[in-house]
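Biologist: I am new to this structure and would be grateful for a close look at one part of it, set within the whole. Please take the cysteines as that part.

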Amino acid sequence: MIVLPHDASCQSCCSDLRLFTPKAPDPKALNALVATLARKEENAMVRHEAAEALGAIADDGSLKQLRCYLMDAEPIVAQSCQIALDIADYEKSGQLEYVA
């Protein structure tokens, strides 16, 4: 199970969180990632890492959540969601390389 910090002082703990996120996550972990992404008062980098982790999971539920934040007021969050969706599309396409 993944435990996410609830304050910005722990943002470094979330670095590269997506590397440790399984493809079939515990529902509690998925809920924690969604809640972190939704928490507007959370540090933007923590929300960014949650978006990356949801993108790494890349199931229908996580991708749906990412789409909800494409127009987020925080640019890094919106951009992270877009990139996560782009990479998920790329991985499903079977193309040889990703070009941003």
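How many helices and how many strands are there in the chain, and what can be said of its cysteines with regard to disulfides?

Modeller: The model shown is a predicted one. To begin with the setting, the chain contains four helices and zero strands, and its elements follow one another from the N terminus as α-α-α-α. The chain has 100 residues, of which 41% count as buried. Among contacts with a separation of 6 or more, 59% join residues that lie 24 or more positions apart. The accessible surface of the chain amounts to about 6000 Å², and carbon and sulfur atoms contribute 57% of that surface.

Against this background, the cysteines may be examined. A disulfide is a covalent bond between the sulfur atoms of two cysteines. A search of the whole structure finds zero disulfides. The reason can be followed from cysteine 68: the closest cysteine sulfur to its own belongs to cysteine 81, at 9.1 Å. A disulfide requires the two sulfur atoms to be within 2.5 Å, so the sulfur of cysteine 81 is too far from that of cysteine 68 for a bond. Seen from the other side, cysteine 81 takes part in no disulfide, and its nearest cysteine sulfur is that of cysteine 68, 9.1 Å away.

The surroundings of these two residues can also be described. Cysteine 68 has a relative accessibility of 55% and therefore counts as exposed. Cysteine 81, with a relative accessibility of 0%, counts as buried.

Terms used. Residues are numbered from 1 along each chain as its sequence is written. This is a predicted model: local features need pLDDT of at least 70, side-chain atom pairs count only at pLDDT 80 or more; totals for chains, interfaces and linings use all residues. Side-chain values use heavy atoms; hydrogens and water are left out. Helices (H or I, at least four residues) and strands (E, at least two) are DSSP runs, numbered from the N terminus. Buried means under 20% relative accessible area, exposed over 50%, partly exposed in between (1.4 Å probe, protein chains only). Contact means heavy atoms within 4.5 Å. Accessible areas come from the Shrake-Rupley method with a 1.4 Å probe; for residues, only the protein chains shown count as cover.
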